[in-house]
Amino acid sequence: MKKNSAYSKGLWHEIVQNRVAYAYIAPFFILFIVFSLFPIVAGFGLSFFRWDGTSAMHFIGIENYINLLGDELFWKGFQNTLIIGIIAHIPILLGGLVLAYILNSKLVKGENIFKTIYFMPMVTSSVAISIIFQQLFSYNYGLINFFLSLFGIPNINWLAGDGSLIKVAVIVMFSWKWIGWNMVIYLAGMQGISQDVYEAAMIDGANHVQTVFKITIPLLKPIVVFTLIQSTIGMFNLFTEPFILTNSSWTGGVNNGGLTLMMYLLNKAPQGGTLYGYASAVAYVITIFIVVLSILFNKWSQESDTPRRRGR
Amino acid sequence: MHKLTVGKVILYIVLCIIALVMIIPFYMMFVMSTLTTNEIYTFPPRLWFGGSLIRNFTAMNAQIDILRAFGNSCMVTISYTVLCLLFCSMGGYAFATYDFPGRNKLFGLLLATMMIPFTAGIIPWFMMMSRMGWINTYWALIIPGCANAFGIFWMRQYCQNNVPVSLREAAKIDGCSEWTIFFRVIAPILIPAYSALGIMQFVNTWNDFMQPLLILRRASMQTLPLVLKTMVSDRGTDYGAMMLASTCAVLPLLIVFLCASKFFMSGLTAGAVKE
């Protein structure tokens, strides 16, 4: 802030002189205001109205929010989203960290081959993946039931039955897809940690488990938090996988076992119904969840000792 | 110097089992695209390739126009990626090398926009698209997100480290206009950044499902993920053909990825590590 309004006459001159710079950054601000800021603000307003998209809008105060919080299906979707999200985070966080640690430790060769293989799911379409897993989880002919039958476990009706096992299939897919992504990010972070730190720990007699928990994780905390926020947003936007797994059912299959919050939202409007005001209220509630969790994670990351290094 | 200990063998086994778990779904997709539906419906499942690839291909083409979908996907993805790279590099370059009034405040604003989830505005966004007549057009998928905050942030980092301010001044003295400077002098320096950010945007757009699902209702306009979804929702479907269609959607990107995996991984995760 070296330029103060000391010569405000010169300010206009300076703006004109730098008009090219303003032109360069203009597309972002224009598009953001039109296509993001306006919808977000309008969405908040809309959430207090009853509106079918064509006829007149009716102001109904917080009725949408009251109805929403009283809707069993909403809570079902919330519960499913949370169960899927929380359980799936165990493999993608811990598994990702452990795999990254192993590949970083120089204990094994062929690091790049493993990295490549683990990362493959990230470049594939979720729809295609869901179609494949639908077959793998098939009741009568699926590979997974076949594998289990080798251990004498009778066939399990993953995708139908009472609907509760759809979540297992989604969790498996979610973890399968994201573990490689997290691993590659952690690995890049770990490569920024000096090898001396590990050597010093080894000399002090620390074993691998202690090194992971006492050195690697604390030093990687900002990066772990970053991936945590990313996958939390991913969790609340979870829609494609359960949607395809349940044969494009907007209600999440048997007993709404695969209903997620995003699916619930889109089914109110614009896909299933035309409850635009109500759907806006749902969108805002989901957003509040995301924002609150992101703030909590960020707080947690800033807590305790400042990490000795951030990023790269 | 590296001895093969028991611990190491166990590590290798674990890594290989996980690798196998990662590969099996792809492998089964390939296998199933060469089987008839009846062959897929057997227990235990067939684990080796069959001879119905051509039959499945014919069946798939009877149901969907895969080439068209492929073309549509290319159209959306390439236009989006090119525009995104242009706007993001312009923005990043301006923030990095120009010292204009309000720069820091505007950049702070840009960073703040990254914290707002898109979900909050999804309904009005859709209504806007429909009012603007952008339903069933590619504009809705290309324009709204093409100058994104993350891309600009990322390009700025790159420009700060690689584009000296003096370069522009020198070019200016030589009589180049601002546009010429950008396209002839600056853009070539940014090629590594373009390719990394480009990969990231390309992969995400290529595989995107939710936005095209809301926007592209007409069958002839649909992208690959949407066409796949159409095949799933048709009941009594031909599973062999469906698997072949999935293969068609997955294989191009997968092959490119396997050829340049290092490049892909650093591109896709570039923003993550640099905080």
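In this predicted model, 98 residues of chain A meet 95 residues of chain B. Together the two chains bury about 8700 Å², and carbon and sulfur atoms account for 80% of that area. No three residues of chain A give more to the area it buries against chain B than Tyr24(A), Phe35(A) and Tyr141(A), yet this trio supplies just 10% of it.

What holds for charge pairs and hydrogen-bonding atoms across this interface is easily told. The rule turns up zero salt bridges between chain A and chain B, while 11 residue pairs are in polar contact, both partners being at pLDDT 80 or more. On the chain A side, helix 2 of chain A makes the largest contribution, putting 18 residues against chain B. Sorted by class, the side of chain A that touches chain B holds 67 nonpolar residues, along with 23 polar and eight charged ones.

Turning to chain A by itself, the secondary structure comes to 13 helices and two strands. The radius of gyration of chain A is 25 Å, well over the 20 Å that the globule rule gives for 312 residues, so chain A is more spread out than a compact globule. Its C-alpha trace covers about 75 × 55 × 35 Å along the principal axes.

The domain assignment splits chain A into domain 1, residues 5-63, and domain 2, residues 70-302. Taken over C-alpha atoms, the centres of these two domains of chain A lie 34 Å apart. Contact between them involves 10 residues from domain 1 of chain A and eight residues from domain 2 of chain A. The pair buries about 620 Å², with 62% of it on carbon and sulfur atoms. Here three residues go a long way: Ser47(A), Trp51(A) and Asp52(A) supply 49% of what domain 1 of chain A buries against domain 2 of chain A, more than any other three.

Between the domains of chain A, too, the rule finds zero salt bridges, and two residue pairs are in polar contact, both at pLDDT 80 or more. Helix 2 of chain A, residues 19-46, gives the most to the domain 1 side of this contact, with five residues. That side of domain 1 of chain A is made up of six nonpolar residues, three polar ones and one charged residue. Helix 2 of chain A thus turns up in both settings, as the top contributor to the side of chain A that touches chain B and to the side of domain 1 of chain A that touches domain 2 of chain A.

Terms used: Residues numbered from 1 in each chain as written. Chains lettered and ligands numbered in written order. Predicted model: local features only at pLDDT ≥ 70, side-chain atom pairs only at ≥ 80, totals over all residues. Heavy atoms only, no water. Domains from an automatic or database assignment. Contact = heavy atoms within 4.5 Å. Buried area = accessible area lost by both parts, 1.4 Å probe. Salt bridge = Lys/Arg side-chain N within 4 Å of Asp/Glu carboxyl O. Polar contact = N/O pair within 3.5 Å; in protein donor to acceptor, adjacent residues only side chain to side chain. Helix = DSSP H or I, 4+ residues; strand = E, 2+ residues; numbered from the N terminus. Nonpolar A, V, L, I, M, F, W, Y, C, P; charged D, E, K, R; others polar. Rg over C-alpha atoms; globule rule 2.2 N^0.38 Å.
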